[in-house]
Amino acid sequence: MGTSFTDFENRKKDHIRLALDESTQSLVNSGFSKIKLNHQALPEFNFSDVSLKVKLLGHDFSSPHFVSSMTAGHENSFGINLNLAKSASQSQWLMAVGSQRRELTDTKAGEEWKKIKSEVPDLKLVSNIGILELLSHTTAEVIKLTENLGAIGLFVHLNPLQELFQNNPDVNFAGALKAIESLVKQSPVPVLVKEVGFGINKDLASKLFEMGVKVVDVSGNGGTHWGQLEALRQSKDSLIFKSSDAFYDWGLSCIDCLLSMQDQTLFHQVWASGGVRNGVDSAKCLALGARAVGIAQPLMKAAVESQEHTLQVMQQFDYQLKVAMFCSGVKKCEDFLHQKVWYGTNN
Ligand SMILES: Cc1cc2nc3c(=O)[nH]c(=O)nc-3n(C[C@H](O)[C@H](O)[C@H](O)COP(=O)(O)O)c2cc1C
């Protein structure tokens, strides 16, 4: 798409720097306070029997938490991804990698993942590519990305607002559904579709599931605001920068997406992410029928510091989720699908 190597490096580095700046965290209520879990004063089982084990994409994991797609293919990404990868492996979490766009044009870019895989061989990874890359490359080229990674699935991210505020001169999503459908037909691994923080509505989710998409990760608003983040990369007198404030509450929250998909969650793999900031948020997502919960910004914050800190953050998410499950009387993640343990509030 005509971006130079230096532009790419600078953009990816800016993304990390700005994602860690509180000003790019959404100002809207992420919707988690709208949901409360029923406190169960007498959970009649042993806390040590609470199990976070789940099966995702046909593989066993020790937690429904996963590392949401973040970064790849630039100078600083190896260290960050190694911290994420080692911690995900120790925690037995699934890890989704950041956009593999660079690998489509630079075969050496895949070396990063080869090195990480050799250091952390048991890690389970999900590939990632943007919808515009899917539209501008052959399906075979995109599938090759999953082979390079040994991935167990392939995320396609949908990001209209982000692409526009990136000042991309060519934002043409025409034919996107067909491209996803043809990818689903040809991909040897399950295809997953996600947003990057503005949510996926129920109607689109239905179409995606109908065409065989395995997972819809709603990635709602309330967490990292990719409109704000991209606008901050533009000059202060630019049209984009001056327009961006109007989009401060754009999109659907993770909770609103899950609430609207209540008739789908039992039959389909709806995953949750976007603004998940602790294990109680995660418990609310699971209570609303999500099968897995993704975390991005809090893990990036930890991974730029150290592997130890990344692991601690993951352990805290898991511990908080376990406590929330015990205090709601839920022993296993799958029990959330059959036990109604939440109620709505007016917050
Ligand atoms: C530094 C950073 C880089 C990201 N890069 C990607 C990406 O390459 N592909 C993608 O699908 N999502 C990407 N995301 C979006 C996240 O996967 C997630 O959908 C979004 O940030 C909302 O989650 P959060 O509120 O926990 O940050 C990125 C997020 C962060 C923080």
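This note walks through the strands, one helix and the nonpolar cores of a predicted model.

1. A good place to start is strand 6, residues 125-130, where six of six residues are buried. Leu125, Ser127 and Ile129 lie on one side, while Val126, Asn128 and Gly130 lie on the other, and both faces are covered. In a regular strand, side chains alternate between the two faces of the sheet.

2. Strand 6 has a partner on either hand. Strand 5 (residues 94-96) pairs with strand 6 in the parallel sense over two bridges, and Ala96 stands opposite Val126 there. Strand 7 is also paired with strand 6 in the parallel sense, this time over four bridges. If you would like a residue pair to look for, Gly130 of strand 6 stands opposite His157 in strand 7.

3. From strand 7 (residues 154-157), four bridges lead to strand 8, and the two strands run parallel. Here Val156 has Val193 as its bridge partner in strand 8. Strand 8 covers residues 191-194, with Val191 and Val193 pointing one way, Leu192 and Lys194 pointing the other way, and all of them buried. Do notice that Lys194 is among these buried residues.

4. Next comes strand 9, residues 215-217, which pairs with strand 8 in the parallel sense over three bridges. Val193 turns up again here, standing opposite Val216 in strand 9. Between these two strands the chain passes through helix 9 (residues 202-210), and this β-α-β crossover is right-handed.

5. Strand 10 (residues 269-273) continues the series: three bridges join strand 9 to strand 10, and the two run parallel. Val216 stands opposite Val270 in strand 10. Is strand 10 mostly covered or mostly open? Mostly covered, since five of its five residues are buried. Gln269, Trp271 and Ser273 point one way, whereas Val270 and Ala272 point the other way.

6. Strand 11, residues 293-295, pairs with strand 10 in the parallel sense over two bridges. In this pairing Ser273 has Gly294 of strand 11 as its bridge partner. The chain travels from strand 10 to strand 11 by way of helix 13 (residues 279-287), in a right-handed β-α-β crossover.

7. Helix 13 deserves a look of its own. Eight of its nine residues are buried, so helix 13 is largely enclosed by the rest of the structure. The buried residues include Asp281 and Lys284 as well as Cys285 and Leu286. At the N-terminal end, Asn278 serves as a cap, with a side-chain oxygen 2.9 Å from the backbone nitrogen of Val280. Just after helix 13, Gly289 takes a positive phi of about 105°.

8. Now for the packing. In soluble globular proteins, nonpolar side chains tend to be buried together. Which residues touch the most other members of the largest nonpolar core? They are Val67, Leu94, Met95, Ile180, Trp271, Cys285 and Leu299, out of 97 residues in that core. Helix 15 (residues 307-326) gives the most to this core, with seven residues.

9. Leu299 makes a handy focus for viewing contacts. Leaving aside residues up to four places away in sequence, Leu299 touches Val67, Met70, Leu84, Trp93, Thr310, Val313 and Met314. There is also a second, separate core of 10 residues, among them Ala19, Val196, Leu229 and Ala231.

Technical notes
Residues numbered from 1 in each chain as written. Predicted model: local features only at pLDDT ≥ 70, side-chain atom pairs only at ≥ 80, totals over all residues. Heavy atoms only, no water. Buried < 20%, exposed > 50% of the residue type's maximum accessible area, 1.4 Å probe, protein only. Pairing = 2+ DSSP bridges. Right-handed = clockwise from strand over helix to strand, strands pointing away. Core = buried A, V, L, I, M, F, W, Y, C linked by side-chain atoms within 4.5 Å. Contact = heavy atoms within 4.5 Å. Polar contact = N/O pair within 3.5 Å; in protein donor to acceptor, adjacent residues only side chain to side chain.
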